Amino acid sequence: MRLRLRPVDSSFFDLFTDSARHLVSGAALLAEVMDDSVDRADVARRMHDAEHAADETTHQLIRKVNSTFVTPFDREDIYALASGLDDVMDHMDEVVDMIEVYEVKVLPPALSDQVVVLQRCAELTAQAMPRLQSMKDLSEYWIEINRLENQGDKNHRRILAKLFSGEYKAMEVLKLKDIVEALEAAIDDFETVANTIEQIAVKES
Amino acid sequence: MRLRLRPVDSSFFDLFTDSARHLVSGAALLAEVMDDSVDRADVARRMHDAEHAADETTHQLIRKVNSTFVTPFDREDIYALASGLDDVMDHMDEVVDMIEVYEVKVLPPALSDQVVVLQRCAELTAQAMPRLQSMKDLSEYWIEINRLENQGDKNHRRILAKLFSGEYKAMEVLKLKDIVEALEAAIDDFETVANTIEQIAVKES
Amino acid sequence: MRLRLRPVDSSFFDLFTDSARHLVSGAALLAEVMDDSVDRADVARRMHDAEHAADETTHQLIRKVNSTFVTPFDREDIYALASGLDDVMDHMDEVVDMIEVYEVKVLPPALSDQVVVLQRCAELTAQAMPRLQSMKDLSEYWIEINRLENQGDKNHRRILAKLFSGEYKAMEVLKLKDIVEALEAAIDDFETVANTIEQIAVKES
């Protein structure tokens, strides 16, 4: 049998799981905000709460890394993973924020396709986090995230082509493009998280 | 008493202080350029000079890290701090540059609110740099930078809402949005610098 | 004579050379796409193929770093160089992609000036890669890349000034600005690659 040289500190894994669960909440709020009839100011308030909660988890992780002598994997990988998860939340929050600040009334329905991708990415990430402890069955997770990111890329191109088709005015394109790009950035962030986990798994194997 | 294991090389601290002082000059030039009646080409020239001077300091820092065997704190933290300060200058220079290249004649007065935030950030950073040597009284610095960054965030949202309110034409929004975002990026860079210093302080404590 | 403490693994250098050669192909495809009479969908297909080939080389490099015990230079420098080269390709691919997705019919001729800069950067980088093994004659490479990046910067300002001169409609500016910025980002990426090589050379000297 292979002996672990480093003692296991389960609470790092718990914190990563918490962090990913905030993203599941964030993605659900994005799904709500897509509906043009919803009270968007209310969704924005709840998204900011979710973002603050996620921030708190990130800070706990950073404090824990800084105060722990033996970490379950390399310190810089823990930082990278914590800040990668935090980046997803920031981009989700940005989406809701821009819809509010730009006073966008009608969102193109195709944006919901990206939210579906984000919800699936969030669920898969939340399910993968507890498996970091055993390092088992992670490859199916990052393969699926990569597939979803490719799907998101195709959606993104299709949405941009629509925005620039002449159907929308320049001012509307300016607003919607920012929102569309923040959605895509959140999907890319999930891929960065998956790549970080792949790197960690390679080192530990 | 606690003995320092690493000898102190004061000139790293001097160079960081120089670097931050360039940012005080840069922020003052931003304050000048906000005035629609000023000779903007002249301010741009002086900003480019300030940017070159800041670049020179950054290069001195990098050369010093590469040629010094024992550094006052971790090599990668010195790099991070030097390049963080350099990023602020680049974004300040970009603001002035875009005003000139886009031939913007009238700047929305609310942009000055962001310049006030930048001036305060620059002063606080320049005052904090010499304290890196003793690592004393730094927490008040980074708490205040975080407060200023929050203030900048609120100003930013308010300015964007104004830009998209219908008062400006799409072409004008395109130009002003870039400028507004570079101002916000410079404020974010100050927060990154403060976070780097917080990390260094945690390691050294 | 100076003895090398680390054994030389020539295939890292071969892979870096391959990676840079993909950029020579990418830059040639950009030159093709600038011609308004070309079949742009066909160029886009070939660019995506080039991008996939470059991705494969990057993955080979990453796998090699992860599975090699003694690397020719620091592991993180190999990562930085591999991902720096990969970033250039991504931005080149993005240029062609946006021209297609935004259905841009007529490109401002000045964009070709940036493609000339990119072609020269790609050639110089491909020529420099084999010299990583001996670490000889690299300074002329990075000095020239820095000169080219300055040239690209001047071109970029001139192109933006033209876009915002009033000659183009806001919608057209929105499209072209993205393309122009991706061209400039690719040039900046070449400078990042050159800076990474300079850092490696300083450490090895």
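**Burial, fold and contact in a predicted model**

User: Which residues of α2(C) are buried?

Analyst: This is a predicted model, in which local features need pLDDT (the predictor's confidence in each residue, from 0 to 100) of at least 70, side-chain atom pairs count only at pLDDT 80 or more, and totals for chains, interfaces and linings use all residues. Residues are numbered from 1 along each chain as its sequence is written, while chains are lettered from A and ligands numbered from 1 in the order in which they are written. A residue is buried if 20 or more other C-beta atoms, placed from the backbone, lie within 10 Å of its own, exposed if 12 or fewer, and partly exposed in between. The buried residues of α2(C) are Arg40(C), Val43(C), Met47(C), Ala50(C), Glu51(C), Ala54(C), Thr57(C), Thr58(C) and Leu61(C).

User: How many helices does chain A have?

Analyst: Helices (H or I, at least four residues) and strands (E, at least two) are DSSP runs, numbered from the N terminus. From the N terminus on, the order in chain A is α-α-α-α-α-α, and with zero strands the number of helices is six.

User: Which helix of chain A gives the most to the side that touches chain B?

Analyst: Two residues are in contact if their C-beta atoms, placed from the backbone, lie within 7 Å. Eight residues from chain A and eight residues from chain B take part in the contact. On the side of chain A, four residues come from the helix that gives the most, α6 (residues 170-204) of chain A.

User: What ipTM does the model score?

Analyst: Chain A has a mean pLDDT of 92, with 95% of its residues at 70 or more. The model scores pTM 0.87 and ipTM 0.80.
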